[in-house]
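Hi,

Here is the model I promised to pass on. Have a look at it first, and my notes follow underneath.

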Amino acid sequence: MTFFLRKLLLFASPFLILIILFFGSYLYWDPFRVVYGYDDFSNLNVLPSRDYISTETFIRNRKKYNYDSFIFGTSRTLAFRPEEWKKYLNEKTSPFMFDASNENLYGIYIKLKYLDSINVNVKNVLLIFCRNASFREKDMDGHLYVRHPETSNISWIEFHKSFLNAYGNLDFLYSFYSFKLTGKYHDWMKSYIQQSKVSVDFVTNRVTLVDREKAIINNPDKYYSDNNIFYDRGKEQMDSIQRINGKQIFYLAEIKRILEKHKSNYKIVLSPLYEQIKFSKADIKVLNEIFPNKVYDFSGVNSFTNSITNYYESSHFRINVGDSIMARIYTQ
């Protein structure tokens, strides 16, 4: 029996070493910043989960800052600066950016439901809806989109399993450790590593694309000529698909119920995406019926979407656009 156990241990040793190295390196580096607590999520080399960062930052800070005003939506919310928004609200307002990557209605609903459940006073809300993301029925797969267990129905085990699976991806490991060892970024790393500086305000959770905004301000001609990041826009000018169905209508109704329960001052912005495709007439009708006089449509062809200088790339519009939109909807 002793001989058998020795043989088994000898055979299993390489696997045990690999397992120890795998988990040990994961815990040591914590590449996704989900194992330990952090006060600052700025300038991360590894692409992070915005849902986790937003929720974790809120949980850690809410008693200190007493947040009462919230911006919800996809990563396009980065154009709407909380400090700029505050100019149109009460000076004592405490705003917070509660966004997530590719956020859909379900994500917005469960965050509002969570705020309601812990008795947060939701005074002001800015909802940013995107034609190509907000009405997606299912959450996207992958660790970048897994939801924080505090607001969702997933367990912490399931949550961390997503990140362990991502860490075990050979392409990720090669990209991550190549960058760690050499300090050099290569284009083939872009699915896992981010090169440019991205700051995250530790109070408002506001995201700023520091390097990109600086490059555009300093030399816009060079930025847009060097970065081949825009595609030729098609001839379609209005969405032919009705994206708001029964499930989306339910979430919209629940969002409205919670907002009205709190007597929130809220507005809905339909994003001015580079694609220049306007929300379908059917979807606009549904939104206006549920939220009369609350919907501001900036989708389609307009002064914002006509110029590429209003965009960092073909997905995200800049803060000057967000500032202008807030000025319009709060002063007109």
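Helix 6 (residues 170–182) holds both Phe-172 and Phe-176, which are four residues apart, or about one turn of the helix. One caveat before going further: this is a predicted model. The two rings have their centres 5.5 Å apart and their planes at 10°, so they count as stacked. Phe-172 is buried, at a relative accessible area of 1%, and Phe-176 is buried too, at 4%.

Compare that with Phe-22 and Phe-23. Their ring centres are 5.3 Å apart, but the planes stand at 90°, so this pair is edge-to-face. Phe-22 is partly exposed at 24% relative accessibility, and Phe-23 is partly exposed at 41%. If you feel like going through the rest, the count comes to 43 aromatic pairs.

Now for the sheet, where I'd start from strand 6 (residues 265–270). Five of its six residues are buried. Strand 6 pairs with strand 3 (residues 124–129) in the parallel sense, over six bridges, and there Leu-126 has Lys-267 as its bridge partner. Strand 6 also pairs in the parallel sense with strand 7 (residues 295–297), over three bridges; Leu-270 is matched with Asp-297 in that case. To get from strand 6 to strand 7 the chain goes through helix 10 (residues 281–290), and this β-α-β crossover is right-handed.

Two lysines are worth a click as well. The charged end of Lys-267 sits over the ring of Tyr-330, 5.2 Å from its centre. Lys-294 lies over the face of Tyr-266, at 4.7 Å from the ring centre.

And what about the nonpolar cores? The largest has 37 residues, and Phe-80, Leu-126, Val-269 and Ile-325 are the ones with the most contacts inside it. Strand 3, strand 4 (198–200), strand 5 (207–209), helix 8 (220–226) and helix 11 (319–331) each give two or more residues to this core. Helix 11 provides the largest share, with six residues. Leaving out residues up to four places away in sequence, Ile-325 touches Phe-80, Val-269, Pro-272, Phe-298 and Phe-304. Another core, of 36 residues, lies apart from that one and includes Phe-58, Val-120, Leu-127 and Leu-287.

So if you only have a minute, try Leu-126: this residue is among those with the most contacts inside the largest core, and its bridge partner in strand 6 is Lys-267.

Cheers

Methods
Residues numbered from 1 in each chain as written. Predicted model: local features only at pLDDT ≥ 70, side-chain atom pairs only at ≥ 80, totals over all residues. Heavy atoms only, no water. Buried < 20%, exposed > 50% of the residue type's maximum accessible area, 1.4 Å probe, protein only. Pairing = 2+ DSSP bridges. Right-handed = clockwise from strand over helix to strand, strands pointing away. Core = buried A, V, L, I, M, F, W, Y, C linked by side-chain atoms within 4.5 Å. Contact = heavy atoms within 4.5 Å. Phe/Tyr/Trp six-rings, centres within 6.5 Å; stacked < 30°, edge-to-face > 60°. Lys NZ or Arg CZ within 6 Å of the ring centre and 35° of its normal.
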